[in-house]
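The following exercises concern the fold of a single protein chain. Please study the sequence and the model before reading each solution.

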Amino acid sequence: MATTTYAVSGMSCVHCKATLTQVIGELDGVTEVGVDLATGQVTVSSTAEPDDALIAEVVDEAGYELTGRAA
């Protein structure tokens with residue numbers, strides 16, 4: 001089990017949270033998605049190390065920008 005936190009820009013509302021939870025949650029191996037609008041962070045729990053490029057792709061396609069892993 002791996003948990004990774006990403007910085008995502010462009011999120012501002014409950015719709016943003018729901019959209020990202022859905023699109024990231026549909027990826028293979030993802031078991032949980034947590035979106036924190038206040039900090040602009042998305043935490044992804046998965047069965048294996050996540051594919052950062054794939055997560056960035058679905059985030060970008062949803063209209064947001066993954067700016068990297070959060071410290």
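**Exercise 1: The two helices**

Helix 1 passes helix 2 in a right-handed crossing; the model on which this rests is a predicted one.

Task: Determine how the axes of helix 1 and helix 2 are placed, and classify the angle between them.

Solution. Begin with the position of the axes: those of helix 1 (residues 14-25) and helix 2 (residues 52-61) come within 10 Å and cross at roughly 140 degrees. An angle counts as roughly antiparallel only over 145 degrees. Helix 1 is therefore oblique to helix 2.

Task: Identify the residues through which the helices meet, and state their class.

Solution. From helix 1, the residues L20, V23 and I24 take part, and they meet I55, V58 and V59 of helix 2. Sorted by class, this contact of helix 1 with helix 2 comprises six nonpolar residues, no polar residues and no charged residues.

**Exercise 2: The sheet**

Task: Give the strand order of the sheet and explain why one side of strand 2 and of strand 4 is left without a neighbour.

Solution. The four strands form an open sheet in the order 2-3-1-4, and their pairing is antiparallel. Strand 2 (30-36) and strand 4 (65-69) stand at the edges and have a single partner strand each, so one side of each lacks a neighbour in the sheet. From one strand to the next, the twist averages 30 degrees.

Task: Describe how strand 2 is joined to strand 3.

Solution. Strand 2 and strand 3 (residues 41-46) run antiparallel and are joined by six bridges. In one of these strands, strand 3, Q41 is the bridge partner of D36. The hairpin of strand 2 and strand 3 has four residues between the strands, and G40 there takes a positive phi near 70 degrees.

**Exercise 3: The whole chain**

Task: State which elements the chain contains and in what order they run.

Solution. The protein chain has two helices and four strands. Read from the N terminus on, the elements follow the pattern β-α-β-β-α-β.

Task: Decide how compact the protein chain is for its length.

Solution. The radius of gyration is 11 Å, and the globule rule gives 11 Å for 71 residues. The two values are close, so the protein chain is as compact as a globular protein of that length. Along its principal axes, the C-alpha trace spans about 30 × 25 × 20 Å.

Methods: Residues are numbered from 1 along each chain as its sequence is written. This is a predicted model: local features need pLDDT of at least 70, side-chain atom pairs count only at pLDDT 80 or more; totals for chains, interfaces and linings use all residues. Side-chain values use heavy atoms; hydrogens and water are left out. Axes are lines fitted to C-alpha atoms, for helices over the stretch in contact, and angles run from 0 to 180 degrees between N-to-C directions. Angles under 35 degrees count as roughly parallel, over 145 as roughly antiparallel, 65 to 115 as roughly perpendicular and the rest as oblique. A crossing is left-handed if the near helix is turned anticlockwise from the far one by less than a right angle, and right-handed if clockwise. Contact means heavy atoms within 4.5 Å. Ala, Val, Leu, Ile, Met, Phe, Trp, Tyr, Cys and Pro count as nonpolar, Asp, Glu, Lys and Arg as charged, and the others, Gly among them, as polar. Two strands pair if DSSP finds at least two bridges between them. The radius of gyration is taken over C-alpha atoms; the globule rule is 2.2 Å times the number of residues to the power 0.38.
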